[in-house]
Amino acid sequence: MQKNIYGKRSEIIASEYLQKLGYTILATNYKNKIGEIDIIAKDGEFTVFVEVKARMSEEFGHPFEAIDERKQYKIRNVASMYLIENKKYNTPVRFDAIAIIGLADYHITHIKDAF
């Protein structure tokens, strides 16, 4: 399966997973001049910025390994711009990470407050 199709499918799976947990999806694939955030959601009082990483297997490492310090820094900056643009100045925020491994028979791992 092409990488971008698998990635898009994984983001849909992650969004549906979060909705089942009671999150409200505010945006998907939010982009600004700094970069992109896969999912922005509301979980209670928190605005949650979610990074989704997917792999067909763990042969080349766990998906979470791709969320390094540089990636975290970028996500924080994109999130800051989102909060400013949407006038959410005093909103509590959280950064979650979701890993999806597999295709038809996939496994989801969700880390709240991942970084």
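Begin by selecting V93, which lies in strand β4. The model on display is a predicted one. Colour V93 by accessibility: with a relative accessible area of 31%, this residue is partly exposed, because that class covers values between 20% and 50%.

Next, show the surroundings of V93. Beyond its neighbours within four places in sequence, V93 is in contact with F46, T47, F49 and L83. Add S80 to the selection as well: S80 and V93 are separated by 13 residues in sequence, and their C-alpha atoms lie 10.0 Å apart in space.

**The sheet**

Widen the view to the strands. Five of them form an open sheet in the order β1-β2-β3-β4-β5, and the pairing is mixed. At the edges stand β1 and β5 (107–111); each has a single partner strand, so one side of each lacks a neighbour in the sheet. Looking across the sheet, one finds that neighbouring strands are turned against each other by 25° on average, direction ignored.

Now isolate β1 and β2. These two strands run antiparallel and are joined by six bridges. Together they form a hairpin, with four residues between them. Two pairs are convenient to label: T28 has I39 of β2 as its bridge partner, while T24 has K42 of β2. In general, strands of a sheet pair through backbone hydrogen bonds, in either parallel or antiparallel fashion.

**The helix on the sheet**

Bring α2 (69–85) into view. This helix packs on the sheet and touches β1, β2, β3 (46–55) and β4. The direction of α2 makes about 140° with that of β3.

**The cores**

Which residues have the most contacts inside the largest nonpolar core? Select Y30, I37, I40, F49, Y82 and F95 to see them; the core as a whole has 16 residues. The elements giving two or more residues to this core are β1 (24–31), β2 (36–43), α2 and β4 (93–101). The largest share, five residues, comes from α2. In soluble globular proteins, nonpolar side chains tend to be buried together.

Centre the view on Y82 and display its contacts. Not counting residues up to four places away in sequence, Y82 touches L26, Y30, N32, I40, T47, F49 and K88. Two of these, T47 and F49, are also in contact with V93, where the tour began.

Finally, move to another core, which lies apart from the largest one and has 13 residues. Among its members are A14, L18, V52 and I100, and selecting these four completes the tour.

Methods
Residues are numbered from 1 along each chain as its sequence is written. This is a predicted model: local features need pLDDT of at least 70, side-chain atom pairs count only at pLDDT 80 or more; totals for chains, interfaces and linings use all residues. Side-chain values use heavy atoms; hydrogens and water are left out. A nonpolar core is a set of buried Ala, Val, Leu, Ile, Met, Phe, Trp, Tyr and Cys residues joined through side-chain atoms within 4.5 Å. Buried means under 20% relative accessible area, exposed over 50%, partly exposed in between (1.4 Å probe, protein chains only). Contact means heavy atoms within 4.5 Å. Two strands pair if DSSP finds at least two bridges between them. Axes are lines fitted to C-alpha atoms, for helices over the stretch in contact, and angles run from 0 to 180 degrees between N-to-C directions.
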